[in-house]
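Thank you for making time for this. Please have a look at what comes up next, and then I will talk you through a few places in it.

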Amino acid sequence: MRTLAAIVLMLAGVVVLSSTPAEAEPPQPQCVDQVATSAEAERIARACAARVEALDERDEYSQVYVEPDGTRTLESAVVPQRIRTGTDSWVPVSTDLAAQPDGRLAPAATTADVTFSGGGTAPLVTLQVDGEDLTLSWPDTLPTPTVQADTAVYASVLPDVDLHVMATATGFKHVLEVKTAQAAAHPDLARVRYILGGDIAPEPLPDGGLRLANSQGRTVGVTPTASMWDSSVDPANGGEVTDGGRGAVTAAAEPPEPSTAAGPGPAAAKAAIDVDVVAGDLEVLPDPAVLNGPETTYPVFIDPAFDNKSTSWAYANNSNNNWDVENQAWVGRNPYDDVLYRSYFRFNIWPVRSKQILSAEVRMRLDHSWSCSPTWVHLFRTAGINNTPRMSWGARPLPTSAYLGAQDANANEAGGCGVIQDDVNVEFGGSAVTNDVQYSVNQQWSGYTVGLCACNPSGQYEWNQDRWKRFYVDQSWLIVNYNSRPGTPTELTTSAVACNGIVGTTSPTLRARYRDSDGSDTLVGTFEWRQVGGGATLVTGPSRPANNFGEVTLNLGAGAEGKTYAWRVRANDSHADSDWSTSCQFTVNASAPPAPGISSTTYPSGPTAHGGPGESGTFTFTAGATDVTTYVYGWSNPPGTTVSVSPGASHTLTLTPPRYGYNALHVYSKDSAGTPSPTSVYSFLVGAPSTPIGHWPMDTINNRGLSNITGSSGDLVAAGDVTWPSDTRLIGESVPFFDSVTESPTNIYGTATANVPELDTAESFSVTAWVRASALTTGNRTAVSQDDSDFSGFYLGIRYLGSPPVPYWSFMMGDSPATGSNHRADSVVPITAADVGKWTHLAAVHDAELGIMRLYVNGELAAETSRAATPWTAVGSLVVGRALWYGAPTDTWRGEVTDLRIWDRVVVPDDLYGTNEDPTAGVPFSNGVLSPPRVGFWDFSGTADCWCDQALDLEYWGRNIYLRGWDAAPPSSAFTTDGQDQDDAAWFDGDSGYATTADPYTPLT
């Protein structure tokens, strides 16, 4: 990569300059092959020129690597490759057995919770699923096993018969090894019996497999058809070679791979066998022709396998029968029984959603081929897998129109080729796969499913015996190299002036932030500028790291005076262009007064935050010319507030920054002729907002009641008729109801009071609360106020105005402690009968520095008015439920009040709405006063494997959600692993399936 420190380019008489001082290189990081976060992986991959895995994007099936060039590579498998052992720790799948403290044996890391006997009378196998278990026991006492990697071998459970139990990635298998013909004649091998126990019960299926059902009848696992095989080494016995067959050799120079308890050799004689559940026990019925037939070669192996986790691959055969495919993908015509096989693979592509696919390939490891020389296998994209481990033959027909390519390969290990051929990778790639993955990503599909077939696109040659192949499922991958397209450039300015502004130079600097979610990318900007109404000129900007600013400077010449120009920019990361930015216009007024200076001691410009939102500060404007008579300022561009000064004079005023984090004050000046200067932008950082000086939730959550939970203010103390009806705001909780009626001297209107010493009505303050009026009756109603001797310092509630009187939401402050004159901020929209019984949020703001009162209703600014009177301090208690007028209680409230908060500053919109995370502005995510309370949260994590009908509510109330239709046939709802966040999710058929809680969550009001 080259770094260009300066470019000088002459175009159509315009000089384009671009220069930025070189940035200091960060310290060289330690080079490692995996790190916790994507951002760290980007940094290290770039610095170390090596790919680095981002562990925060790893799951059981997928890994994501950041490449040195800033692109990423997804490697997605169809069976689990690793297991999470803690919150952030992953280990590769390992089926190796180790002794446990209780003496049993367990695999190191698999998706199945399974243990094996250490010998004795305890169950041979215990499998646990969602708190329930399945036990499988041998009828007699077991010897102490010999452990060989993933296998426990129990010797001589019958004469010359060993029992093997093996851990698999998703379950287990148990195999009897019959070593001799004499052993095969033992009567117990005619019907092999295993004793079953536990909550989970195996049930025979019509296709020869077993369904594992929990105590509620839910399926928690399935098994393939049981099978058996011998140890024949003659390739012809397994149908691997025939006279004249392609690549056939009559004599093997090297013997084939042998049969073991793990699976049959390629030359073994094989047979499917029946299993049954009789009187609660599992019975396996070996095939006599293989067990003790005249051609049998010993040892013979008898194998039922158990699996408790669905995977993302399936097979289909034209006999529509289950078969133990030994966790391999079979393709073509099986030489054993002439049945055709196809295999299907679903790869997770959700991590590459909305990305640019640079390359993609499907890679599979070929274990065995019938032929000795290469033969063809074809790949097609199909619809998703609808059942595992076997789909019906017609469910996903092949070929399809989405043809991805063909490869020829061979890996014969049966011994009929003269040598044992090595396993090989078969890779389908190129533009066909890349373009098709891009298409699937553009469709926002979460999975990419392909089918492997011996047939070509015309459906030919599938019956050719020489195309028979077996692939390793656990070595089947989709590998995608991808790029995040640059985002549209943002934050466009011209010589630091926002768009549509005036610049005081004929050499303006065009500046924009290059956006890219791949933080390690280097971007180049292309700037297009023109005089409005004229032709466009393209200028290449400097290279910049992603999410930094790029800029170019134009020399427009003296002829630009008074003219308006427009420009836009796009970014390129060497792979793709971003969209063009919005157009940004500016007008050149180089003869105008210079831009004014702006300074503040309260809020200095720079990287350090000061003060807080709603906290006022002093700002000083200075003129750049002696004829400046006006300053125009504001928090947005163009500014709109005007102040006049003596010619050339500076001006100091008090302002309140409107938001947390980055703030910009826009100011321009005008000379005596009214000519505006360029706009100055004074940027500074405002610190985090201060918390309320009092917050009374006024509800029964965690027994908070009328307690104050922040600041030094006192708790509210209720008096009179205050009740706590339930379910008015949140189901299962109560808030206080204040009755405005005095029925007797001992049953008076309801109030609640608190001492709030930090509240000073002469200074800036804010009050917010949720209120619900239960009735509209003639007469004002005050929900919140502050006492003084004769009048309340403020009144927040309902005020009747006009003739005839109409109710409005109102915030009122008295002009003095001794008179009834006042200023009000009243909503424009009146309150109607439709508002009765509905919750409304009120926010009252007194900005003492600006002499302004504001009223927000449900987060919207409903009124703003000046308060000309001299502020005064009310010295009494904060009161909920009434006001004070000429020393007497008045305006009693009838209805509920909750979530009352008091600030000793101005409340700004960020306080009400919260903030989104914006690292460039130094602002984190935060909730606002109006952020709705979360009353339920179901992330469905773990539900796909729990085989249950409900998901846990992780919120305070703990109301679980229940599937409806999950037990129908077929189900209309279910839990699935296809969540958009790569976690579990709920699935519904769009017709009758749904999910519901047992109880409601919020009242209708």
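**A serine in a strand, then the disulfides**

I would like to begin with Ser-62, which lies in strand β5, the strand made of residues 62–66. Please keep in mind throughout that what you have in front of you is a predicted model. Is Ser-62 buried or exposed? Its relative accessibility comes to 1%, and since anything under 20% is called buried, Ser-62 counts as buried. As for what surrounds Ser-62, if we set aside the neighbours within four places in sequence, the residues in contact with Ser-62 are Glu-57, Leu-74, Glu-75, Ser-76, Arg-82 and Asn-348.

Let me now turn to the cysteines. A disulfide, in general, is a covalent bond between the sulfur atoms of two cysteines. How many disulfides does the count come to in this model? Taking sulfur atoms within 2.5 Å as the rule, the count comes to four, and I will go through three pairs in turn.

One of them is formed by Cys-372 and Cys-417, with the two sulfur atoms 1.8 Å apart. This pair links distant parts of the chain, 45 residues apart: Cys-372 sits in the loop between β31 (356–369) and β32 (375–381), while Cys-417 sits in the loop between β33 (403–409) and β34 (424–428). The torsion about the S-S bond of Cys-372 and Cys-417 is about -85°, and therefore this disulfide is left-handed. Cys-372 has a relative accessibility of 14% and counts as buried, and Cys-417, at 14%, counts as buried too.

Next comes the disulfide that joins Cys-453 to Cys-455, for which the S to S distance is 2.2 Å. Here the torsion about the S-S bond is about 130°, so the disulfide between Cys-453 and Cys-455 is right-handed. Cys-453 is buried, at 0% relative accessibility, and Cys-455 is buried with a relative accessible area of 0%.

The last pair I will describe is Cys-499 and Cys-584, a disulfide whose sulfur atoms are 2.1 Å apart. Cys-499 lies in the loop between β38 (497–498) and β39 (501–503), whereas Cys-584 belongs to strand β45 (residues 584–588), so the pair ties together parts that are 85 residues apart in sequence. With a torsion of about -110° about the S-S bond, the disulfide of Cys-499 and Cys-584 is left-handed. Which of these two cysteines is buried, and which is partly exposed? Cys-499, at 24% relative accessibility, counts as partly exposed, whereas Cys-584, at 0%, counts as buried.

How values were computed. Residues are numbered from 1 along each chain as its sequence is written. This is a predicted model: local features need pLDDT of at least 70, side-chain atom pairs count only at pLDDT 80 or more; totals for chains, interfaces and linings use all residues. Side-chain values use heavy atoms; hydrogens and water are left out. Helices (H or I, at least four residues) and strands (E, at least two) are DSSP runs, numbered from the N terminus. Buried means under 20% relative accessible area, exposed over 50%, partly exposed in between (1.4 Å probe, protein chains only). Contact means heavy atoms within 4.5 Å.
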